[in-house]
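Below is a report on one protein chain. Keep the sequence and the 3D view open while you read.

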Amino acid sequence: MKQTGVKSGIVGLTLQLLLAAVLHQSFATDAPPTVAPTSPAPHKGPSNPDKGHYVVNGTNGTACLLASIGIQLNITFMSLSQNKTVQEIVNLQSNTTKSDGSCDTDSASLQLTSETQKTNLNFTFTLNTTSSKYHLSEVSLTAAWTDMKISPVSFRNNTLDYLRGTLGFSYMCREKQTLSVAQNLSINIFQVQVQPFGVVGTQFGAAEECQLDEDDMLIPIIVGAALAGLVLIVLLAYLIGRKRSHAGYQSI
């Protein structure tokens, strides 16, 4: 009788510990971490850029490239006022940016011009007509900002492989991505949806989501599965404990 009571007590203690572990894991997942207050960084970058909506029309006057994107430029240059090399992060203002471009069978370009920011940015996409796959293959930028000691500055890279998609489908990525263009230029892009080929009408085709978005969707699924596993272990331990206790009483 005492032995059965001891076993029942151990099972009960195990059950309590497992329940406590589940609750701790749940609160640790849902509750935001406590962060000690810190002083603000001396050179804080701008907030996320506004998303611009751009359309390029083909020679027949219909849309051949659609893009919805927020753009942030990260440029290193020689400062006129400070007489040293500085790094500036600047949002491309969508409300003052004009779009243009061209479309061919296997290439399409989106040219963004901001006269107020004295910036010209060009994206070129290339289509592999055999595999029906496209990608961002080239980015070029010319900027003539007032504080640039050497103005304008220009960058160009035609060996890129970003934003890969399929003909007739749009490429979509909600997460921030960084395009490394040159040693002194990178471009942060936000909330991207682009379709450079196979546009029908003025609407994006079905979206192919980027790996970053898919990974974000997997995290809550994995956490939920882990918690479900812990709950199952608790229930099994409880049922086994009850069965053993019942068997002990019957033997007595």
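Of the contacts between residues at least 6 apart in sequence, 54% join residues at least 24 apart. The model is predicted. Its elements are 2 helices and 13 strands. The protein has 252 residues, and 33% of them are buried.

**Confidence**

The average pLDDT is 83. A score of at least 70 is reached by 71% of the residues. Two stretches need care. Over residues 1–8 pLDDT stays under 50, and the model has 5 contacts for them beyond four places in sequence. Over residues 36–42 pLDDT also stays under 50, and here the number of such contacts is 0. Predicted coordinates should not be read in detail where pLDDT is low.

**The core**

The largest nonpolar core holds 41 residues. I71, I75, L121, F123, F125 and I187 have the most contacts inside it. Strand β2, residues 63–78, supplies the largest share of this core, with 8 residues.

What does I71 touch beyond its neighbours within four places in sequence? Its contacts are P49, V90, N91, L92, L112, L121, F123, I187 and N188. Among these partners, L121, F123 and I187 are also listed with the most contacts inside the core.

**The cavity**

The count of cavities of 30 Å³ or more comes to 1. The largest cavity encloses about 90 Å³ of space. Its lining consists of A67, I69, L110, F123, F125, L136, L163, L179, I189, V192 and V194. Strands β2, β6 (119–128) and β12 (185–195) each give two or more residues to that lining. β12 gives the most, with 3 residues. By class, the lining has 11 nonpolar residues, no polar and no charged. F123 and F125 appear in this lining and among the residues with the most contacts inside the core.

**The second largest pocket**

The second largest pocket has 12 lining residues. L163, R164, Y171, Q177 and C210 lie nearest its centre. Two or more residues come from each of β9 (162–166), β11 (177–182), β13 (207–209) and α2 (211–251). The largest share, 3 residues, is from β9. L163 lines this pocket and also the largest cavity.

The two spaces side by side:

| Space | Volume | Lining by class |
|---|---|---|
| Largest cavity | about 90 Å³ | 11 nonpolar, no polar, no charged |
| Second largest pocket | about 220 Å³ | 6 nonpolar, 2 polar, 4 charged |

How values were computed
Residues are numbered from 1 along each chain as its sequence is written. This is a predicted model: local features need pLDDT of at least 70, side-chain atom pairs count only at pLDDT 80 or more; totals for chains, interfaces and linings use all residues. Side-chain values use heavy atoms; hydrogens and water are left out. pLDDT is the predictor's confidence in each residue, from 0 to 100. Contact means heavy atoms within 4.5 Å. A nonpolar core is a set of buried Ala, Val, Leu, Ile, Met, Phe, Trp, Tyr and Cys residues joined through side-chain atoms within 4.5 Å. Buried means under 20% relative accessible area, exposed over 50%, partly exposed in between (1.4 Å probe, protein chains only). Helices (H or I, at least four residues) and strands (E, at least two) are DSSP runs, numbered from the N terminus. On a 1 Å grid over the protein atoms alone, a cavity is a set of points where a 1.4 Å probe fits but cannot get out, and a pocket is an open set with protein on both sides within 12 Å along at least five of seven lines; lining residues have an atom within 4 Å of a point. Grid points are joined across faces, edges and corners, and a volume is the space filled by probe spheres set on the points. Ala, Val, Leu, Ile, Met, Phe, Trp, Tyr, Cys and Pro count as nonpolar, Asp, Glu, Lys and Arg as charged, and the others, Gly among them, as polar.
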